[in-house]
Structures are given as structure tokens and as C-alpha cells.
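Hi,

Here is the structure I promised to pass along. Have a look at it first, and my notes on what turned up follow right below.

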Amino acid sequence: MIKYAAVVTATVTNVKASPSLNSITLSWDAVKGADGYRIYIYDAVSKSYSVLVRKTAAVKYEIKNLTKGKNYAFLVRAYSKYADSYYYSRQCAKIITCTKVDKCSVLKVAQSTDAVTFTWNKVAGATGYRVFLFDTSAKTYTTLETTAGTIYRCEKLKAGKVYI
């Protein structure tokens with residue numbers, strides 16, 4: 001009697017990353033017929049991917065103990081098992097993401113008649129900062145500036161108006 005194995009050929013799709021300070025949670029759509037998934041991580045030194053998680057049946061996986069503010073690239077591949085052999089999908093789903101950095105706190109605010117200057121300490125792992133203005137009526141943020149520095153001066157402000 002000849003037995004045939006169902007080999008997974010479908011590629012993992014819809015991979016998403018939810019980063020935090022020291023971890024990234026990956027999630028993806030289930031592949032029909034897959035027995036599990038293998039996760040790879042990119043190593044910048046060897047310029048290649050290595051296996052991070054050999055087997056998981058879940059479609060969500062948290063990768064812990066990562067460095068704050070660092071870029072990471074992952075591959076997710078489906079597999080099926082028949083007898084003692086594993087059969088992997090031909091292609092992998094790739095996602096590039098990064099862990100978050102600590103929030104910065106404004107240390108000093110200096111104001112004049114029509115301007116305000118904000119100063120903050122450098123945050124480890126940060127390569128730049130965005131300065132936002134909050135519109136209280138629309139309840140939205142607008143980016144005022146993206147800077148690599150730790151100081152921002154907002155000018156041409158209207159006297160008596162409240163800025164957040």
C-alpha cells in the first residue's frame with residue numbers, strides 16, 4: 001500500500017509585528033494543512049537567517065529579551081509533518097520591524113512672548129525624535145518636527161493661546 005503525504009506549499013501571509021521595549025510579538029494567518037511554523041531571525045554579522053523557533057503550532061509568537069530600539073527581520077515558514085519527515089513551504093513570509101525605545105521626558109521648557117523651547121535628554125537607542133502638537137478640538141496630533149537633536153524651538157505662537 002502506498003501512502004501519500006499532504007505537503008504544505010502555501011506561503012504564510014498577513015504577518016504582523018507588535019513591538020514593545022524588549023520584545024516583538026509576531027502573528028500571521030493560519031495556513032491550511034500546516035502542522036506548524038518555523039521562525040527565523042536575521043543575523044547582521046553572518047548576513048543570513050538562522051532558526052529562532054524550530055516548531056510552534058500557534059499563529060502568534062512573542063520573541064523576548066530583545067534590545068530596545070533595534071531593527072529586526074524575521075521569516076515565518078509553514079511546515080507539515082509526515083512520518084518522521086518535515087516538509088516546508090517553498091517560500092517564507094518576511095517582516096522587518098524594530099523594538100520600541102523608552103519615552104523621553106521634557107526636562108526644560110523656556111518660553112518667550114511668541115516662542116517656546118523644549119529640551120530633553122537623549123534616549124538610549126533612539127536615532128531621532130518627533131515633536132507633536134495636540135489639537136484639543138480635533139483630538140489629533142500633528143508632527144511639528146523630526147530631529148536628531150534634543151532641543152526644539154516652536155516660534156510664531158499667538159499670545160494667550162494654549163498649546164499642548
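Before the residues, one cut-off: a residue counts as buried under 20% relative accessible area, as exposed over 50%, and as partly exposed in between. Please also keep in mind that this is a predicted model.

By that yardstick R153, at 43% relative accessibility, is partly exposed. Its salt-bridge partner is E155, with 2.9 Å from N to O. E155 has a relative accessible area of 49%, so E155 is partly exposed as well. In general, side chains of opposite charge can pair when their charged atoms come close.

How many salt bridges does the structure hold? There are two. Besides R153 and E155, K68 pairs with D102, and here the closest N and O atoms are 3.1 Å apart. This pair links distant parts of the chain, with the two positions 34 residues apart: K68 sits in the loop between strand 5 (60-63) and strand 6 (71-82), while D102 sits in the loop between strand 8 and strand 9 (106-111). K68 has a relative accessible area of 31%, so K68 falls in the partly exposed range. D102 falls there too, because its value is 32%.

Now the cysteines, in case you were wondering about disulfides. A search of the whole structure finds zero of them. C104 is in no disulfide, and the nearest cysteine sulfur, in C98, is 16 Å away. C104 is partly exposed, at 37% relative accessible area. Why is C154 not bonded to C104? The sulfur of C104 is the closest cysteine sulfur to that of C154, but the two are 16 Å apart, which is too far for a bond; a disulfide needs the sulfur atoms within 2.5 Å. C154 has a relative accessible area of 14%, so C154 counts as buried.

One serine is worth a click. S89 lies in the loop between strand 7 (85-88) and strand 8 (93-98). Is S89 buried or exposed? Its relative accessibility is 1%, so S89 counts as buried. A polar atom of the S89 side chain lies 3.0 Å from the backbone oxygen of Q91. The C-alpha atoms of S89 and Y79 are separated by 6.0 Å, with the two residues ten apart along the chain.

On to the pockets. The largest has a volume of about 980 Å³. Its lining is made up of 36 residues, and those nearest the centre are V106, R130, V131, F132 and L133. Which strand gives the most to this lining? That is strand 11, with six residues. At least two residues each come from strand 9, strand 10 (116-120), strand 11 (129-135), strand 12 (140-147) and strand 13 (151-154). By type, the lining of the largest pocket has 23 nonpolar, seven polar and six charged residues.

The second largest pocket holds about 150 Å³ of space. Strand 3 (36-43) and strand 6 are the elements that give two or more residues to its lining. The residues lining the second largest pocket are I41, Y42, D43, A44, K70, N71, Y72, A73 and I96. They divide into six nonpolar, one polar and two charged.

That's what I have for now. Shout if anything looks odd on your screen.

Cheers

Methods: Residues numbered from 1 in each chain as written. Predicted model: local features only at pLDDT ≥ 70, side-chain atom pairs only at ≥ 80, totals over all residues. Heavy atoms only, no water. Helix = DSSP H or I, 4+ residues; strand = E, 2+ residues; numbered from the N terminus. Buried < 20%, exposed > 50% of the residue type's maximum accessible area, 1.4 Å probe, protein only. Polar contact = N/O pair within 3.5 Å; in protein donor to acceptor, adjacent residues only side chain to side chain. Salt bridge = Lys/Arg side-chain N within 4 Å of Asp/Glu carboxyl O. 1 Å grid on protein atoms, 1.4 Å probe; cavity = no way out; pocket = protein on both sides within 12 Å on 5 of 7 lines; lining within 4 Å. Points joined across faces, edges and corners; volume = space filled by probe spheres on them. Nonpolar A, V, L, I, M, F, W, Y, C, P; charged D, E, K, R; others polar.
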